[in-house]
Amino acid sequence: MPIDQMMMDVLKEIGNIGTGNAATALATMLDAKVDIGLPQCEMVPFSEITRGFSSPDELVAGVLVQLSGDMDGFIMMVLTMDAAFELLTLITGHSGPSDREDYAAVCTALKPIEEVGNILVGAYLSAISSMTNMFIAPSVPVLSVDMVMAMMNVPAVVYGEIGESALHMETEFHNDLSSITGRYFLVPTMDSYERLMKALGL
Amino acid sequence: MNTVLIGIAELNVVKAPDKISTLGLGSCCGVTLYDKTTKICGMVHVMLPSATAVSDSSNKAKFADSGILLLLDRVQRAGAARPGITAKMAGGANMFASTTMQNNLLRVGERNVQACREMLAKLRIPLLAEDVLGTYGRSITFDPATGMLNIKTVGMGEKSI
């Protein structure tokens, strides 16, 4: 079924509530105040899915959490390398390897970002369960450091079955010290969309 | 000499000395069809295995089956001779392979590779070389002057096949 305006509004609402929860959770984790911008949501055509990055092969950090239960699919977060390292510094107090060209060292150093993925997913899932009675189980989060277009293949493939664009959410987290923009893809499988709409009485 | 860039679910055809390229193949597959006599090469960046399995198949370049078929038509129209056409391909990775739960969505890379191989076999186009699967992204460039497919990765080096 096509992603219509009503579904987009639902996902935006989940995004809003989820981001609010996430800010609280992150503030607790970092023991610091975290402000959060409202998520910008829009359907982005595949041809533009890496806009905002310098090129489709720009290196990024992606964290994926799979969902199962009443809703299947996944949530994927994508950060630029600068944002990922800023986040790492915020979480651990360390700034990562001095040589950012050392791919293996970078992958190892950024592992703590997976924990942020966990928190964000937890935040979105509690937003969903506050709006429905759906039981959704998240997987362990997984980090990938690779080209942004390759990462974007993941949500594109799900949306590709029904159209030419993907629902894209972008949020800015900031505190006094830094500002981090993260992009999120909340990607239920197509039949999960139907279940979600039904659970919301729509 | 230009390098023509194609994006996801797109295709194009070039002739030597131009080259053709696509960046950031994850689970997607990049397939090239090449005629070394005329030095014509087409490339398609496919996302999904089959146009028949989905509700919206209007963009033929999106799918392995319809995309390769469309590409074959395009390279022939550009002057490539059917009997001399050969193929190479790259991509079909699983970008988040170490998850504890694996499902059909994340296995789409393998299914794309399978679908491409099947369509090429069906069309009796020899698949001369491939660099597929794995857990990493690839950027590829085909040079019709040499017939070589160059593949760049972030952490696994660079090679030509």
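**A buried valine, a shared core and an open sheet**

A good place to start is Val145(A), which belongs to strand S6 of chain A, the stretch covering residues 142–147. The structure described here is a predicted model, with an ipTM of 0.91 and a pTM of 0.90. For chain B, the mean pLDDT is 93, and 94% of the residues reach 70 or more.

Is Val145(A) buried or exposed? Within 10 Å of its own C-beta atom lie 23 other C-beta atoms; a residue counts as buried from 20 upwards, so Val145(A) is buried. Beyond the neighbours within four places in sequence, the contacts of Val145(A) are with Leu59(A), Ala61(A), Val106(A), Cys107(A) and Leu110(A). Ala127(A), by comparison, is 18 residues away from Val145(A) along the chain, and 28 Å separate the C-alpha atoms of the two.

From a single buried residue, the view can widen to the nonpolar core. The largest such core contains 114 residues, and those with the most contacts inside it are Ile75(A), Tyr124(A) and Cys116(B). Helix H5 of chain A, residues 148–160, supplies the largest share of this core, with 10 residues. Two of the residues just named also meet each other: Tyr124(A) touches Ile75(A), along with Ile14(A), Gly18(A) and Leu186(A), when residues up to four places away in sequence are left out.

The contact between the two chains comes next. Chain A contributes 30 residues to the contact and chain B contributes 29. On the side of chain B that touches chain A, the largest share comes from strand S3 (residues 19–25), which provides three residues. That side of chain B is made up of 15 nonpolar, 12 polar and two charged residues.

Strand S3 also has a place in a sheet of chain B. This sheet is open, with five strands in the order S1-S3-S8-S9-S10 and mixed pairing. Strand S1 (3–6) and strand S10 (158–160) of chain B each have a single partner strand and stand at the edges, so one side of each has no neighbour in the sheet. On average, and with direction ignored, neighbouring strands of the sheet are turned by 20° against each other.

Within this sheet, how do strands S8 and S9 of chain B pair, in the parallel or the antiparallel sense? Strand S8, residues 138–143, and strand S9, residues 148–152, run antiparallel and are joined over five bridges. A helpful landmark for the eye is Asp143(B), which stands opposite Met148(B) in strand S9 of chain B.

Technical notes:
Residues numbered from 1 in each chain as written. Chains lettered and ligands numbered in written order. Predicted model: local features only at pLDDT ≥ 70, side-chain atom pairs only at ≥ 80, totals over all residues. Pairing = 2+ DSSP bridges. Helix = DSSP H or I, 4+ residues; strand = E, 2+ residues; numbered from the N terminus. Axes fitted to C-alpha atoms, helices over the stretch in contact; angles between N-to-C directions. Contact = placed C-beta atoms within 7 Å. Nonpolar A, V, L, I, M, F, W, Y, C, P; charged D, E, K, R; others polar. Buried ≥ 20, exposed ≤ 12 C-beta atoms within 10 Å, placed from the backbone. pLDDT = per-residue confidence, 0-100. Core = buried A, V, L, I, M, F, W, Y, C linked by C-beta atoms within 7 Å.
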